[in-house]
Amino acid sequence: MADHSDDPVQLQYEQFPYPHRDPADEATRLVTGSPSHLAEIRHYLYAGQLDVTRGFRALIAGGGTGDAAIMLAQQLADAGGGEVVYLDMSTAARAIAEARAQARGLTNITFVTGSLTDVAALDLGRFDYIDCCGVLHHLEDPPAGMRALAQALRADVATVGGGMGVMVYAPYGRTGVYPMQQMLAQLAGDRPLTDQIATVRRLWDQLPASNWLRRNPFVGDHKRSDAELVDLLLHARDRSYTVPEFAELLSTGGLRPAAFLEPARYDPATYLNDPKLLQPLGTAGLVDRAAFAERLTGAMKKHIAYVVPADASDPVAQLDDGAVPMMPGSDPAALVGQLGGASPKLTITLDGQKRSFPLPRLTAPILRQADGTRAVGEIVDRLCNADRGLNPETARRQIGELYAVLNGLNLMLLSRSI
Ligand SMILES: C[S@@+](CC[C@H](N)C(=O)[O-])C[C@H]1O[C@@H](n2cnc3c(N)ncnc32)[C@H](O)[C@@H]1O
C-alpha cells in the first residue's frame with residue numbers, strides 16, 4: 001500500500017475536515033442530498049426494484065465528515081437491511097463521521113482509514129453501490145482512482161443492478177476559481193493555512209469589479225465556513241471536468257453515465273424552445289445532450305451522475321402502470337398549494353435563473369393520490385372513479401406529463417414491487 005502521509009490533500013483534510021458538521025445536529029435533522037439517497041439509488045440503478053433486506057453493501061469512498069454515509073446508513077437502517085463502509089484518508093473527518101453515527105445509534109457503518117486508490121489491498125470486499133462525491137478531482141491520478149473503484153463493484157452489477165453515484169467539479173460555473181487559487185498560491189502558498197485564509201479575505205475585499213470570481217454569481221461556498229473557503233480557494237489539488245471529460249474519466253473504469261442530476265438541468269429543451277435549434281439534438285445521446293446543456297448555461301459548477309458498467313442495460317426506472325411514484329423529502333399535498341389552480345405551473349430557480357414548467361390540468365388530483373404506495377394503474381383507477389367523465393388514457397397521459405417535469409427536477413422518483 002502506498003504511503004500517503006505527506007499528500008497535501010490529506011494534510012488539508014486533517015486540518016479542515018469537510019464539510020463542516022457538528023454531530024450534535026444529528027438530534028434535529030438528517031442531511032439528505034444527491035447522490036446516494038436510497039430512493040435515487042433504487043430509481044437510477046435498479047429500475048425501481050431494490051430490496052435491501054436481501055443484502056446490500058455500499059462503499060462511501062472519500063466519505064469526509066459523513067453526509068452520504070450517515071444518510072444512506074440511516075435510510076438502510078430504516079429499511080431493515082444493508083451495510084455501509086466509510087473510507088477516507090482523513091482521521092479528523094472520520095472522527096466527526098463516527099460521532100455522527102454514534103449520535104444516531106447507527107451500527108451498520110464500518111469506518112476505515114485509507115486511500116480509495118488502495119481499495120483492493122484494504123480487502124473490503126465487493127460492493128453493490130459506491131458513492132464518490134467530490135473526491136476524484138482531488139486525486140493525483142483520477143483515472144487510477146476511477147479504475148480502483150470500478151474494480152471494487154460486484155462483478156455482476158451490469159446484470160443485477162447497482163453502480164456508482166459520482167460527483168466531480170465542472171468548469172464553467174467555477175469561472176474565476178482557478179485564477180483566484182493561482183493568485184493565492186503566489187501570495188501565500190508557502191504559509192500555514194490559517195494565514196492563507198486571512199489572505200483570501202484581504203484579497204477578496206480588493207478584487208476589481210472585472211474579476212471573474214467576483215462576477216460569478218454561482219460561487220458562494222467560501223462565505224459559509226473556513227472549511228468551505230479552504231476547499232474552494234486554497235485547495236492543495238483540484239481540477240474540474242466538462243461533461244465529455246467526465247464521461248471520458250468514467251470510461252477509464254469501463255463505466256458510463258446512466259443519468260445526470262437533475263435530469264432537466266442537462267436537457268437542452270429546458271432552456272431552448274426553438275424547434276429549429278432543438279431538432280439537430282433530437283437524436284443525440286445522453287452525454288452529447290448534457291454537454292450541450294453545460295455549454296449553453298455556463299452555470300454548472302459540478303456534475304452528479306449515476307453510473308453503470310458500459311455494457312449494462314438501461315437501469316433507470318420507467319413510468320408504467322406498475323411504477324409507484326414517490327416524492328422523497330417533499331409532501332405532494334403541500335406542493336399542490338403552490339402550483340396554482342386552473343393552469344398549474346411549477347416555478348423554480350435553476351442555477352440562478354427562474355424557470356416555469358407548465359403542468360397538466362389534473363396535477364392536483366394526481367398528487368393527492370400519489371402517496372408513495374400507489375402504483376400508476378391504481379392512481380388512474382382512483383382518478384377515473386372520482387370523475388366518471390375522465391378517460392383512463394387522459395389520466396395516464398397527464399400522469400406522464402407531470403412525472404416528466406417532477407422527475408426532471410429530481411422531485412419524483414419511482415419504485416416497483418419485486
Ligand atoms: C471535498 S471532501 C468530500 C467529502 C464527502 N464525500 C462529501 O461529499 O461531503 C473530499 C474528501 O475526500 C477525501 N480524500 C481525498 N483523497 C482521498 C483518497 N485518495 N482516498 C480516500 N479519501 C480521500 C478527503 O480526505 C476528504 O474527506
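Trainee: Which element gives the largest share of the lining of the second largest pocket?

Mentor: That's H17, with five residues. Keep in mind that we're looking at a predicted model. The pocket itself holds about 460 Å³ of space. Of its 24 lining residues, Pro263, Ala264, Asp267, Leu286 and Asn407 are the closest to the centre. Strand S6 (255-261), helix H13 (286-297) and helix H17 (392-408) are the elements that give two or more residues to this lining.

Trainee: What classes do the residues of that lining divide into?

Mentor: You get 16 nonpolar, five polar and three charged residues.

Trainee: And which domains does the lining draw at least three residues from?

Mentor: Domain 1 (8-169 + 241-309) and domain 3 (324-415) each supply at least three. The protein also has a domain 2, covering 173-233. Taken over C-alpha atoms, the centres of domain 2 and domain 3 are 42 Å apart.

Trainee: Now the cavity. How many of 30 Å³ or more does the structure hold?

Mentor: One. The volume of the largest cavity is about 40 Å³, and the cut-off for that count is 30 Å³.

Trainee: What makes that a cavity and the other one a pocket?

Mentor: It comes down to escape: in a cavity a 1.4 Å probe fits but cannot get out, whereas a pocket is an open set of points.

Trainee: Which residues line the largest cavity?

Mentor: Leu319, Pro325, Ile366, Ala370, Ile399, Leu402, Tyr403 and Met412. By class, that lining has eight nonpolar residues, no polar and no charged ones. Tyr403 fits that tally because Tyr counts as nonpolar here. H17 turns up again, giving three residues, the largest share of the cavity lining.

Trainee: Let's talk cysteines. How do you know that Cys133 has no disulfide bond?

Mentor: A disulfide needs two cysteine sulfur atoms within 2.5 Å. The closest cysteine sulfur to that of Cys133 is in Cys132, at 8.0 Å, so the gap is too far for a bond. Across the whole structure, the disulfide count is zero.

Trainee: Why is Cys133 called partly exposed?

Mentor: Partly exposed is the range between the buried cut-off, under 20%, and the exposed one, over 50%. Cys133 has 29% relative accessibility, so partly exposed is the right label.

Trainee: And Cys384, is that buried or exposed?

Mentor: Buried means under 20% relative accessible area. Cys384 has 13%, so Cys384 counts as buried.

Conventions: Residues are numbered from 1 along each chain as its sequence is written. This is a predicted model: local features need pLDDT of at least 70, side-chain atom pairs count only at pLDDT 80 or more; totals for chains, interfaces and linings use all residues. Side-chain values use heavy atoms; hydrogens and water are left out. On a 1 Å grid over the protein atoms alone, a cavity is a set of points where a 1.4 Å probe fits but cannot get out, and a pocket is an open set with protein on both sides within 12 Å along at least five of seven lines; lining residues have an atom within 4 Å of a point. Grid points are joined across faces, edges and corners, and a volume is the space filled by probe spheres set on the points. Helices (H or I, at least four residues) and strands (E, at least two) are DSSP runs, numbered from the N terminus. Domain bounds come from an automatic or database domain assignment. Buried means under 20% relative accessible area, exposed over 50%, partly exposed in between (1.4 Å probe, protein chains only).
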